[in-house]
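Visitor: I am new to this structure and would like a close look at one part of it. Please describe that part with some care and then connect it to the rest of the chain.

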Amino acid sequence: MSTPTGPASGLPVRMPRPRQSGRHRRPEPVAAPEGAPALVLAVPGTPSSAVRGLAEEIVSIARSELPGLDAVIGFLEGDGDEYPTLATALTGTAALRTERYELAKAAGREAAEPEGPAAVVVPLLAGPDSGLIARIRQEVGDSGAVAELTDVLGPHPLLAEALHVRLSEAGLARADRARLFTVATAADGIILATVGGEEAVQTAGITGMLLAARLAVPVMAAALDEEGSITAIAEQLRESGSTQLALAPYLVGPELPEGLLDTALKEADCAAAEPLGAYPAIGKLVLSKYTTALGIPAQPQGTPAS
């Protein structure tokens, strides 16, 4: 028994730290609930060590935002142990969930029988691509696992932030509009390049409006996988007065077919930023799709830089 001044036995007692008061107090940490479904990141494109490294970095960002998160990677073009297919990843997460439950019961622990989806599948896609989404849905069905498929990552203000950063890294945009310095190579017109046809272009256009507000230059979306789309948008921007164009890939990276970007740069005759890659916002958006699907409160995010 303890007393108001300490433990009666003389043993130390861990006392809870008082919560910091005021508007700047740190938010209470959020952790993944025990027995929560796994986050399965569906990675399109041809697998490679670079693609796997990018996917692992994105998963690492998600885990850092939600401790205890069970996250695995499945490749649409997977070919075995090195690059497991999405169906294999889903089958594995379902089996592991059942195994953990049986081990807990065997050990005499109280454990609720698994129910609901075994996994939440998040496509690693900035925008919609009906062909890739159909393939992901097919893989989910082939796995036999109960899983929930989320929407793609965009449109979202964090993607506009990521695009801004990639352009500034390439010397094609000011890093911060509030600072009074010039960038000699700054573009005065941005082609927002995506894949997935007209639907993808329309969705990219929403993020494009957010990017245009950040840069104070016109931004227009075009499809890399539609012949003539990049050329037409480049001409339209030049006719409206833009003289120095830049191409910003509205793509994470793995979904970009080889050679398409090089062809687009020749057509537009301009410089380009790198794809979004493992920018921290991508990991946060992947996690946001997962937590939204499960109704888990996410950690508050800071205000994106302007």
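Guide: Apart from residues up to four places away in sequence, Thr 150 touches Val 120, Val 121, Val 122, Pro 123, Lys 289 and Ala 293, where contact means heavy atoms within 4.5 Å. This is a predicted model, in which local features need pLDDT of at least 70 and side-chain atom pairs count only at pLDDT 80 or more, while totals for chains, interfaces and linings use all residues. Residues are numbered from 1 along each chain as its sequence is written, and side-chain values use heavy atoms, with hydrogens and water left out.

Thr 150 lies in the loop between β6 (147-149) and α4; helices (H or I, at least four residues) and strands (E, at least two) are DSSP runs, numbered from the N terminus. Thr 150 counts as buried because its relative accessibility is 10%; buried means under 20% relative accessible area, exposed over 50%, and partly exposed in between, with a 1.4 Å probe and protein chains only. A partner from far along the sequence is Tyr 290: it is 140 residues from Thr 150, yet the two C-alpha atoms are 7.5 Å apart. For the chain as a whole, 76% of the contacts between residues at least 6 apart in sequence join residues at least 24 apart.

Helix α4 (residues 157-169), at the far end of that loop, holds both Glu 169 and Arg 166, three residues apart, about one turn of the helix. Their side chains meet in a salt bridge (3.0 Å, N to O), the term for a side-chain nitrogen of Lys or Arg within 4 Å of a carboxyl oxygen of Asp or Glu. Arg 166 is buried, because its relative accessibility is 14%, whereas Glu 169 counts as exposed because its relative accessible area is 53%.

Another threonine, Thr 203, lies in helix α5. Thr 203 is buried, with a relative accessible area of 14%. Setting aside neighbours within four places in sequence, it is in contact with Pro 128, Gly 154 and Pro 155. Helix α5 (197-215) leads into the loop that holds Pro 218, before β8 (219-223). Pro 218 counts as partly exposed because its relative accessibility is 36%. Beyond residues up to four places away, Pro 218 touches Asp 188, Gly 189, Ile 190, Leu 237 and Ser 242. Its C-alpha atom is separated by 9.7 Å from that of Ala 187, 31 residues away along the chain.

Ile 190 leads from this loop to the interior. Its contacts, again without neighbours within four places, include Leu 167, Leu 211, Val 219 and Ala 248. Ile 190 and Leu 167 also stand, with Leu 41, Ile 58, Leu 124 and Leu 192, among the 55 residues of the largest nonpolar core as those that touch the most other members. Such a core is a set of buried Ala, Val, Leu, Ile, Met, Phe, Trp, Tyr and Cys residues joined through side-chain atoms within 4.5 Å. Apart from the largest core lies another, of 17 residues, among them Ile 191, Leu 251, Leu 261 and Ala 264.

Charged residues complete the picture. Glu 139, in helix α3 (residues 130-143), is buried yet has no salt bridge, and the nearest side chain of opposite charge, Arg 135, is 5.5 Å away. Here Lys and Arg count as positive and Asp and Glu as negative, with His and the chain ends not counted. A polar atom of the Glu 139 side chain lies 3.1 Å from the backbone nitrogen of Ala 87. Outside its neighbours within four places in sequence, Glu 139 is in contact with Leu 76, Thr 85, Leu 86, Ala 87 and Leu 90.

Arg 135 itself forms a salt bridge with Glu 77, the closest N and O atoms being 2.6 Å apart. This pair links distant parts of the chain, 58 residues apart: Arg 135 is in helix α3, and Glu 77 is in the loop between β4 and α2. Arg 135 is partly exposed, at 35% relative accessible area, and Glu 77 is partly exposed at 36%.

In the whole structure, a search finds three salt bridges. One of them joins the side chains of Glu 82 and Arg 52 (3.8 Å, N to O).

Notes. Polar contact = N/O pair within 3.5 Å; in protein donor to acceptor, adjacent residues only side chain to side chain.
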